[in-house]
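Visitor: I'd like to learn how to read a few features of a model like this one. Could you walk me through them?

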Amino acid sequence: MNKTLKLIKKLNTTHSLTTDEYQYLIDNKNEKASQLLKKYAVAQREKYYGKSVFVRGLIEISNYCKNDCYYCGIRKSNLNCERYRLSKDEILSCCKEGYELGFRTFVLQGGEDATFTDNFLCDLVSSIKENHPDCAVTLSLGERSYDSFKKLYDSGADRYLLRHETASDEHYALLHPDTLTLKNRKKCLNDLKEIGFQVGCGFMVGSPFQTTSHIAQDLNFIEEFSPHMCGVGPFIPHKDTPFKNYNAGDAELCCYLLSIIRLIKPNILLPATTALGTVKNDGREKGILSGANVIMPNLSPLSVRKKYALYDGKISTGDESAQSLYNLKKSMNSIGYTVVVSRGDINTNIKE
Ligand code: SAH
């Protein structure tokens with residue numbers, strides 16, 4: 001048996017490889033390897049989640065951002081970005097609509113907007129939890145202090161998504177201005193975990209200057225950090241950023257990596273991302289068939305969806321929207337999966 005297939009079998013039983021072995025798997029990606037990885041990934045996912053797909057209502061609460069990440073369309077230097085910020089009432093009504101549609105997790109995502117003080121956010125989170133005590137609240141609002149994270153947790157927030165973006169310091173510095181460091185990103189991730197959040201890290205596939213060695217380091221980081229969730233989607237260029245002339249990441253490689261991540265941590269909550277659905281028509285379905293088990297339809301008010309443009313061509317009014325949950329359910333049924341109405345927490349017990 002060739003080395004690639006041997007490594008995949010090893011990963012499936014030990015859930016661990018060395019960084020060099022991860023790199024070997026990526027450098028030697030082929031059809032047979034993809035098929036075997038998919039088969040194992042789907043079987044591992046099934047042990048914990050059966051055929052269920054969890055959905056999260058994504059609410060993009062602000063596109064103001066003090067940061068200037070080179071890849072991101074809402075970076076502060078982008079003067080063409082039409083800025084908006086949702087009010088507390090607008091956010092609460094998104095949640096109400098989402099609840100009626102069957103969402104039991106709300107993800108509040110936004111740029112690092114200085115007007116989101118701890119007081120504002122804590123009041124917001126506790127209001128959502130008061131209105132919908134059976135729902136989980138996930139925050140994805142960038143880096144904050146330990147104290148701030150702790151206050152948000154104490155006000156009722158359950159989960160926090162903060163992609164590490166790349167586990168290589170050198171690559172991190174090519175994607176961000178020097179005000180931002182991998183060291184601080186990691187500190188935030190550790191703080192969040194210590195405080196008690198369910199935590200998500202993650203990275204973009206095919207971001208500028210990314211090598212297979214960087215991706216291998218990402219996989220090693222994921223193995224070591226053991227997050228509850230992991231967001232992995234293709235990089236897509238945005239016309240008003242320094243990376244406008246770079247190519248988008250590859251959907252196939254993204255799916256291959258989703259399968260590997262499922263084998264690293266069989267019960268991880270792993271979304272088939274909007275970016276994957278943007279670079280490939282049936283990207284989200286392919287993601288689920290590669291081992292993902294979460295989909296995050298857009299629940300933001302229609303009027304702001306286009307303004308929250310992290311990258312060009314973001315799908316925003318079609319089947320990925322929360323209002324099209326019916327179509328999503330149909331599409332998941334057609335590939336043998338079922339969208340469930342549930343908070344969709346991480347499952348630590350193997351299903352009977
Ligand atoms: N301010 C928050 C939310 C960032 S947006 C934070 O810092 O966590 C969420 C994710 O979108 C980012 O972490 C990044 O990985 C991804 N993203 C940003 N620009 C992108 C692009 N051009 N293509 C694909 N994904 C992108």
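Visitor: Let's start with cavities: which residues line the second largest cavity?

Guide: This is a predicted model, so keep that in mind as we go. A lining is just the set of residues with an atom within 4 Å of a cavity point. Here the second largest cavity is lined by V55, L101, G102, L325, K329, V339, V340 and V341. Two elements, α14 (325–334) and β9 (338–340), each give two or more residues to that lining.

Visitor: How many residues of that lining are nonpolar, polar and charged?

Guide: The split is 6 nonpolar, 1 polar and 1 charged. About 30 Å³ of space lies inside, and the structure holds 2 cavities of 30 Å³ or more.

Visitor: Now the ligand. Which residues come nearest to the ligand?

Guide: For a ligand shell, you look at residues with a heavy atom within 4 Å. There are 18 residues around this ligand, and Y71, G110, R163, E165 and I236 come nearest. By class, the shell has 10 nonpolar, 5 polar and 3 charged residues.

Visitor: Which polar atoms lie close to a nitrogen atom of the ligand, within the 3.5 Å cut-off for a polar contact?

Guide: A backbone N or O atom of I236 sits 2.7 Å from a ligand nitrogen, and a polar backbone atom of Y71 is 2.9 Å from a nitrogen of the ligand. On the oxygen side, an N or O atom in the side chain of R185 is 3.3 Å from a ligand oxygen. As for cover, the ligand taken alone exposes 550 Å², and the protein buries 92% of that.

Visitor: E165 was among the nearest residues. Is E165 buried or exposed?

Guide: The cut-off for buried is under 20% relative accessible area. E165 has 9%, so it counts as buried. It is found in the loop between β5 (159–161) and α7 (169–175). Check its backbone too: E165 has a positive phi of about 75 degrees, although it is not a glycine.

Visitor: Where is H15 found, and what is its phi?

Guide: H15 is in the loop between α1 (3–14) and α2 (19–27). Its phi is positive as well, about 60 degrees, and H15 is not a glycine either. Its relative accessibility is 25%, so H15 counts as partly exposed.

Visitor: And how far apart are D134 and G156, in sequence and in space?

Guide: They are 22 residues apart in sequence and 12 Å apart in space, C-alpha to C-alpha. D134 is found in the loop between α5 (118–131) and β4 (136–140). With a relative accessible area of 35%, D134 is partly exposed.

Notes:
Residues numbered from 1 in each chain as written. Predicted model: local features only at pLDDT ≥ 70, side-chain atom pairs only at ≥ 80, totals over all residues. Heavy atoms only, no water. 1 Å grid on protein atoms, 1.4 Å probe; cavity = no way out; pocket = protein on both sides within 12 Å on 5 of 7 lines; lining within 4 Å. Points joined across faces, edges and corners; volume = space filled by probe spheres on them. Helix = DSSP H or I, 4+ residues; strand = E, 2+ residues; numbered from the N terminus. Nonpolar A, V, L, I, M, F, W, Y, C, P; charged D, E, K, R; others polar. Polar contact = N/O pair within 3.5 Å; in protein donor to acceptor, adjacent residues only side chain to side chain. Areas by Shrake-Rupley, 256 points an atom, 1.4 Å probe, with all protein chains shown as cover. Buried < 20%, exposed > 50% of the residue type's maximum accessible area, 1.4 Å probe, protein only.
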